[in-house]
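Dear colleague,

Please find below the structure that I am handing over to you. My findings follow it.

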Amino acid sequence: MSDSTEKRILFTRLIPSGSDKRFADAGCKLDVPNSGVDEPMARDEFLRRIGGCHGVVSMLTDKWDAEAFDAAGPQLRIVANFAVGYNNIDLAEAERRGVLVSNTPEVLTEATADIAWALMMMAGRRLGEAERDVRAGRFGGWGPNDYLGVDLVGKTLGIIGAGRIGTATARRSLGWKMRILYMHPRENEELQNDLGAEHVDLKTILKQSDYLSIHVPLTPETRHLIGVNELSIMKPSSVLVNTARGPVIDEAALVEALKERWIFAAGLDVYEDEPALAPGLADLENVVLLPHLGSATAEARTRMAKIVADNILAAMEGTPPPNLVKQKPTQ
Ligand code: DGY
């Protein structure tokens with residue numbers, strides 16, 4: 001490829017497996033952060049380095065607004081998000097400028113569903129609190145009243161957002177013989193036929209679930225879907241987990257609900273203002289806090305790396321990227 005046709009691709013952060021060898025074969029010029037620098041790219045550096053790029057491998061921590069698209073310039077063809085979620089990208093701006101947006105669906109579904117279950121078990125059985133006690137030397141021997149949690153077997157599991165990850169989370173319930181409720185814009189026949197799941201509204205799922213797991217994308221409609229009103233009608237013995245996006249839950253309201261025991265416990269992998277936590281959240285024993293690691297298996301992240309390359313290379317060749325995001329997010 002001559003210099004005039006050379007395509008510049010920026011990686012805003014180093015990713016597992018590095019950059020795909022196919023970029024070099026396709027004659028792309030890569031701009032990759034120095035090895036050893038593993039942190040989100042600062043906004044001013046991001047705005048500077050996206051200038052003149054044809055494709056960007058972007059992290060969910062990079063904000064793509066009008067300012068970013070302006071800084072990138074009119075030659076930008078694709079933003080390939082290294083995530084299934086893409087709430088960091090203003091899709092209307094991208095479409096207005098003819099920039100394609102892709103994500104990494106499917107390859108992280110099972111890894112993330114596993115973390116939803118890990119959080120349910122950790123929060124319901126008080127495992128975070130118990131582990132902290134053992135490490136701190138507070139384990140004084142077995143006690144009949146210690147660490148009493150909430151059963152899972154035979155209980156009701158609510159799934160808010162029955163897309164790929166919500167469905168995979170529900171499927172794991174078979175061994176626990178749970179009743180499944182789900183809230184979703186459409187009926188999920190797979191869940192209904194295979195698990196006898198019931199399609200219900202928000203009020204029903206909040207009132208009847210013993211375990212409630214959130215899997216909706218973040219959109220204007222789902223921001224603060226769970227706030228004071230919703231938390232206050234959940235069962236006092238219920239457990240709420242979130243592996244989707246933090247702002248779906250009003251985190252200040254959750255702190256209040258956990259303190260006042262409106263619900264039994266919560267398990268979070270995502271936060272409203274990541275990486276900051278709402279005041280008081282980290283002081284509570286009845287919440288399990290993970291550092292947004294839903295897709296963090298070596299296998300899933302390697303598959304994600306391949307997918308971003310597939311999408312960027314397709315865009316460079318002028319063929320439709322396989323994981324194009326629709327302009328209006330669907331749930
Ligand atoms: C995603 O892909 O959207 C996840 O949140 C990343 O772990």
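The notes below cover the ligand site and then the nonpolar cores.

This is a predicted model, in which local features need pLDDT of at least 70, side-chain atom pairs count only at pLDDT 80 or more, and totals for chains, interfaces and linings use all residues. Residues are numbered from 1 along each chain as its sequence is written, and side-chain values use heavy atoms, with hydrogens and water left out.

The residues around the ligand (those with a heavy atom within 4 Å of it) include Leu 60, Val 84, Arg 245, His 292, Ser 295 and Arg 301. Three of these residues have an atom close to a ligand oxygen, each pair being a polar contact (N or O atoms within 3.5 Å): a polar side-chain atom of His 292 at 2.6 Å, a backbone N or O atom of Val 84 at 2.7 Å, and a side-chain N or O atom of Ser 295 at 2.9 Å. On its own the ligand has 230 Å² of accessible area (Shrake-Rupley method, 1.4 Å probe), and the protein covers 91% of that area.

The largest nonpolar core (buried Ala, Val, Leu, Ile, Met, Phe, Trp, Tyr and Cys residues joined through side-chain atoms within 4.5 Å; buried means under 20% relative accessible area, with a 1.4 Å probe and protein chains only) has 31 residues. Ile 226, Leu 231, Leu 240 and Leu 254 touch the most other members. Helix 11 (a DSSP run of H or I, at least four residues) gives this core its largest share, 5 residues. A second, separate core has 24 residues, among them Ala 170 and Val 239.

Yours sincerely

Terms used
A polar contact is a pair of N or O atoms within 3.5 Å; within protein, one must be able to donate a hydrogen and the other to accept it, and residues adjacent in sequence count only if both atoms are side-chain atoms. Buried means under 20% relative accessible area, exposed over 50%, partly exposed in between (1.4 Å probe, protein chains only). Helices (H or I, at least four residues) and strands (E, at least two) are DSSP runs, numbered from the N terminus.
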